[in-house]
Amino acid sequence: MAHPLVHKPQVESDLQDVEKVFVSPYPEGHKRRLLWGKYMSFLADVQYLVGAGYFHLIDGSFISKKDEPGDIDIALFIDHQVFDTNISALKQVAKSFEKYLDVVMIKAYPTGHKLYESFTKNDVR
């Protein structure tokens, strides 16, 4: 059974590629540029809290041809060792961007960890 967060083909890319395809073609003042700016601020806040202990996936209408997406859907996978100690601050950061970003935070385990293949409802915030 496919995991609900991984139901579509995934394309590995970096932020510059995403910006080039889904932001740069649009004029200044466009909603996509506003959302992208908020996303970049959000990632800076996350990195301040957890360092390099995370990776993220972008999904939803922002990575489609929809002209005016409502927000950016993000799955934020956070290293299990920093997840619990930072979850309160991370929730506050996500809440401050909730008008622009729909964030799901998931506790991530390294390959070989006994919980690598599964996570519980308590791991998703």
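These legends go with a set of close-up views of a predicted model.

**View 1. The whole chain, before zooming in, has 3 helices and 3 strands.** Reading from the N terminus, the order of elements is α-α-β-β-α-β. The chain has 125 residues, and 32% of them count as buried. If you look just at contacts with a separation of 6 or more, residues 24 or more positions apart account for 61% of them. Several of the views below show pairs of that kind, such as His80 and Lys107, which are 27 residues apart in sequence.

**View 2. Helix H1 is shown against helix H2.** H1 covers residues 15-22 and H2 covers 31-50. Their axes come within 11 Å and cross at roughly 165°. That angle is over 145°, the cut-off for roughly antiparallel, so H1 and H2 get that label. The crossing of H1 past H2 is right-handed. On the H1 side, look for Leu15, Val18, Glu19 and Phe22; on the H2 side, their partners are Arg32, Trp36, Tyr39, Met40 and Leu43. Sorted by type, the residues of this contact come out as 7 nonpolar, no polar and 2 charged.

**View 3. His30 sits in the loop between H1 and H2.** Is this loop residue buried or exposed? His30 is buried, since its relative accessible area is 11% and the cut-off for buried is under 20%. A polar atom of the His30 side chain lies 3.0 Å from the backbone nitrogen of Arg32. Arg32 is also one of the H2 residues that meet H1, so keep View 2 handy while you look at this one. Once residues up to four places away in sequence are set aside, His30 touches Asp67 and Glu68.

**View 4. Helix H2 is shown again, now with helix H3 (residues 80-96) as its partner.** The two pack at an angle of about 155°, and their axes are 10 Å apart. Here too the angle clears the cut-off of over 145°, so H2 and H3 are roughly antiparallel to each other. H2 passes H3 in a right-handed crossing. From H2, the residues to find are Phe42, Asp45, Val46, Leu49 and Val50, and these meet Val82, Asn86, Ala89, Leu90, Val93 and Ala94 from H3. The split by type is 9 nonpolar, 1 polar and 1 charged.

**View 5. Ser41 in helix H2 is paired up with Val93, one of the H3 residues in the contact with H2.** Ser41 belongs to H2. How much of Ser41 can be reached? Its relative accessible area is 35%, so Ser41 counts as partly exposed. Along the chain, Ser41 and Val93 are 52 residues apart, and their C-alpha atoms are separated by 10.0 Å.

**View 6. His80 in helix H3 is seen with its partners further along the chain, Lys107 among them.** With a relative accessible area of 17%, His80 is buried. Which residues does His80 contact, leaving aside its neighbours within four places in sequence? They are Lys107, Ala108, Tyr109, Pro110 and His113. Try the distance tool on His80 and Lys107: C-alpha to C-alpha, they are 5.1 Å apart in space, although 27 residues separate them in sequence.

**View 7. Lys107 is a buried lysine in strand E3.** E3 runs over residues 101-108. What kind of residue is Lys107, buried or exposed? Its relative accessibility is 12%, so Lys107 counts as buried. Its side chain makes a polar contact with the side chain of Asp84, at 3.3 Å. Val82, one of the H3 residues that meet H2, is also worth picking out here. Lys107 and Val82 are 25 residues apart along the chain, with their C-alpha atoms separated by 8.8 Å. His80, the subject of View 6, is in contact with Lys107 too.

Technical notes:
Residues are numbered from 1 along each chain as its sequence is written. This is a predicted model: local features need pLDDT of at least 70, side-chain atom pairs count only at pLDDT 80 or more; totals for chains, interfaces and linings use all residues. Side-chain values use heavy atoms; hydrogens and water are left out. Helices (H or I, at least four residues) and strands (E, at least two) are DSSP runs, numbered from the N terminus. Buried means under 20% relative accessible area, exposed over 50%, partly exposed in between (1.4 Å probe, protein chains only). A polar contact is a pair of N or O atoms within 3.5 Å; within protein, one must be able to donate a hydrogen and the other to accept it, and residues adjacent in sequence count only if both atoms are side-chain atoms. Contact means heavy atoms within 4.5 Å. Axes are lines fitted to C-alpha atoms, for helices over the stretch in contact, and angles run from 0 to 180 degrees between N-to-C directions. Angles under 35 degrees count as roughly parallel, over 145 as roughly antiparallel, 65 to 115 as roughly perpendicular and the rest as oblique. A crossing is left-handed if the near helix is turned anticlockwise from the far one by less than a right angle, and right-handed if clockwise. Ala, Val, Leu, Ile, Met, Phe, Trp, Tyr, Cys and Pro count as nonpolar, Asp, Glu, Lys and Arg as charged, and the others, Gly among them, as polar.
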